[in-house]
Amino acid sequence: MSTAEAPLASLPGTVVVLAGGLSHERDVSLRSGRRVAQALRSQGADVVESDVDSTLLPRLAELADPVVFPVLHGEAGEDGALREVLALLGVPFVGSEGAASRVAFDKSIATTVVAEAGLRTPAQVALPHEIFRELGAAALVSALGQQIGFPMMVKPSRGGSALGCSKVTRAEELPSAMVGAYAYGAVAVVEEFVEGTEVTVAVVDRGTGPTALPAVEIRPDSGVYDYTARYTAGATRFLCPAEVDADVAARCADLALQVHDELGLRDLSRTDLIITPAGEPVFLEVNVAPGMTETSAVPLAIEAAGWSLGRMCADLVRTAAARGATSGAAGPRVPA
């Protein structure tokens with residue numbers, strides 16, 4: 001992979017970095033937003049940091065040629081709703097469109113789409129809370145054990161940062177794991193636990209087409225890559241590039257690029273996967289607003305690729321602004 005940075009061009013307008021929101025991942029989003037804002041300022045960008053509240057639309061209306069860089073994690077930022085509002089108002093933004101984000105954010109839907117594209121995914125069942133409650137845990141626990149087998153993973157269908165996720169090794173652990181997942185959403189997914197090496201691969205399009213960054217291998221000290229392992233400095237060891245054979249790394253990159261394409265994503269995504277002992281990558285989930293904190297994987301991959309976070313973020317802003325100039329110039333503007 002070439003490590004050469006593209007020639008520097010001036011940044012258009014004002015970049016509005018959106019972070020915070022009201023999801024369970026608010027604190028992580030604020031940390032990501034601060035880092036992206038600092039990176040953009042290092043490239044001379046005029047940056048405004050904003051939360052998502054009643055002041056956002058008036059603020060956008062006051063700015064000349066704003067470009068939004070969403071760094072919102074969790075439902076409010078990744079389910080596509082806010083992105084659809086920005087598109088409706090004719091405000092260019094970095095990242096995937098609303099419809100694609102909505103599909104990617106729901107693990108049960110995204111996994112189905114990826115599996116139908118011929119990529120390997122874990123066996124999975126999606127269960128709404130109402131079904132689990134009305135039909136009774138005992139009968140469903142038995143059926144899930146027979147169909148999925150133990151160990152299994154239980155997680156909210158919509159959400160991130162491993163909140164509400166549990167590894168279940170015995171049938172008697174499953175009801176409490178389901179309750180834990182339902183605390184973060186109305187639908188839980190129960191899926192096959194795939195043994196292997198956990199890696200994550202970012203895909204970035206700086207205006208010349210999607211490129212897969214070096215895979216980041218994830219080794220949590222606790223053995224479980226949960227919320228604490230993700231966001232506590234020193235709790236997880238990240239290896240970039242991942243310590244895997246070159247052909248396996250290439251298959252991981254291909255999988256991430258195919259997921260990015262099949263789900264209709266743009267600009268930036270991060271695909272999490274497991275490499276089986278046989279060297280086969282298995283899709284786990286995809287993120288359209290990956291973390292950018294000091295303990296996040298994407299900045300490590302950017303550095304390993306020979307890029308800088310500031311230049312990459314600036315290129316994404318330029319791409320979004322150019323896209324808005326060609327496709328959204330005649331569209332509606334934010335009402336004052």
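This briefing describes the fold of one protein and three of its residues.

The model is predicted. The protein comprises 13 helices and 13 strands. Of its 336 residues, 53% are buried. Two of its sheets are treated below, one with parallel pairing and one with antiparallel pairing.

**Overall composition**

- The exposed surface of the protein amounts to about 14200 Å², and carbon and sulfur atoms supply 54% of that area.
- Among contacts with a separation of 6 or more, 68% join residues that are 24 or more positions apart.

**The three-stranded parallel sheet**

- Three strands form an open sheet in the order 2-1-3, with parallel pairing.
- Strand 2 (46–50) and strand 3 (66–70) stand at the edges; each has a single partner strand, so one side of each lacks a neighbour in the sheet.
- On average, neighbouring strands of this sheet are turned by 25 degrees against each other, direction ignored.
- Strand 1 (residues 14–18) and strand 3 run parallel and are joined by five bridges.
- Val15 has Val67 of strand 3 as its bridge partner.
- Helix 1 packs on this sheet and touches strand 1, strand 2 and strand 3. The direction of helix 1 makes about 170 degrees with that of strand 2.

**Leu30 in helix 1**

- Leu30 belongs to helix 1, which spans residues 26–41.
- Leu30 counts as partly exposed because its relative accessibility is 26%, a value between the limits of 20% for buried and 50% for exposed.
- Apart from neighbours within four places in sequence, Leu30 is in contact with Ala19 and Gly20.
- Glu49 is 19 residues from Leu30 in sequence, and the C-alpha atoms of Leu30 and Glu49 are 9.7 Å apart in space.

**The four-stranded antiparallel sheet**

- Four strands form an open sheet in the order 4-7-5-6, and their pairing is antiparallel.
- Its edge strands are strand 4 (124–128) and strand 6 (166–168), each of which pairs on one side only.
- Neighbouring strands here are turned by 25 degrees against each other on average, with direction ignored.
- Five bridges connect strand 5 (residues 152–156) with strand 7 (residues 187–192), and these two strands run antiparallel.
- Met153 has Glu191 in strand 7 as its bridge partner.
- Helix 6 lies across strand 4, strand 5 and strand 7, and runs at about 150 degrees to strand 4.
- Helix 9 (residues 174–182) lies across strand 4, strand 5, strand 6 and strand 7, and runs at about 25 degrees to strand 5.

**Thr111 in helix 6**

- Thr111 is located in helix 6, formed by residues 107–116.
- Thr111 is buried because its relative accessible area is 5%, and the buried class covers values under 20%.
- A polar atom of the Thr111 side chain lies 2.7 Å from the backbone oxygen of Lys107.
- Not counting residues up to four places away in sequence, Thr111 touches Thr121, Pro122, Gln124, Phe283 and Leu284.

**The buried side of helix 5**

- In helix 5 (residues 98–105), the buried residues are Gly98, Ala100, Ser101, Ala104 and Phe105.
- These residues lie on the same side of helix 5, because they cover an arc of only 160 degrees around the axis.
- The elements that cover the buried residues of helix 5 include helix 3 (75–78), helix 4 (81–88), helix 6 and strand 13 (281–287).

**Val259 in helix 11**

- Val259 is found in helix 11, which spans residues 246–262.
- Val259 has a relative accessible area of 0% and is therefore buried.
- Leaving aside neighbours within four places in sequence, Val259 is in contact with Val114, Leu119, Thr271, Phe283 and Val286.
- Val259 and Ala104 are 155 residues apart in sequence, whereas their C-alpha atoms are 9.5 Å apart in space. Ala104 is itself one of the buried residues of helix 5.
- Phe283 is among the contacts of Val259 and also among those of Thr111.

Key
Residues are numbered from 1 along each chain as its sequence is written. This is a predicted model: local features need pLDDT of at least 70, side-chain atom pairs count only at pLDDT 80 or more; totals for chains, interfaces and linings use all residues. Side-chain values use heavy atoms; hydrogens and water are left out. Buried means under 20% relative accessible area, exposed over 50%, partly exposed in between (1.4 Å probe, protein chains only). Contact means heavy atoms within 4.5 Å. A polar contact is a pair of N or O atoms within 3.5 Å; within protein, one must be able to donate a hydrogen and the other to accept it, and residues adjacent in sequence count only if both atoms are side-chain atoms. The arc is that of the directions from the helix axis to the C-beta atoms. Accessible areas come from the Shrake-Rupley method with a 1.4 Å probe; for residues, only the protein chains shown count as cover. Two strands pair if DSSP finds at least two bridges between them. Axes are lines fitted to C-alpha atoms, for helices over the stretch in contact, and angles run from 0 to 180 degrees between N-to-C directions.
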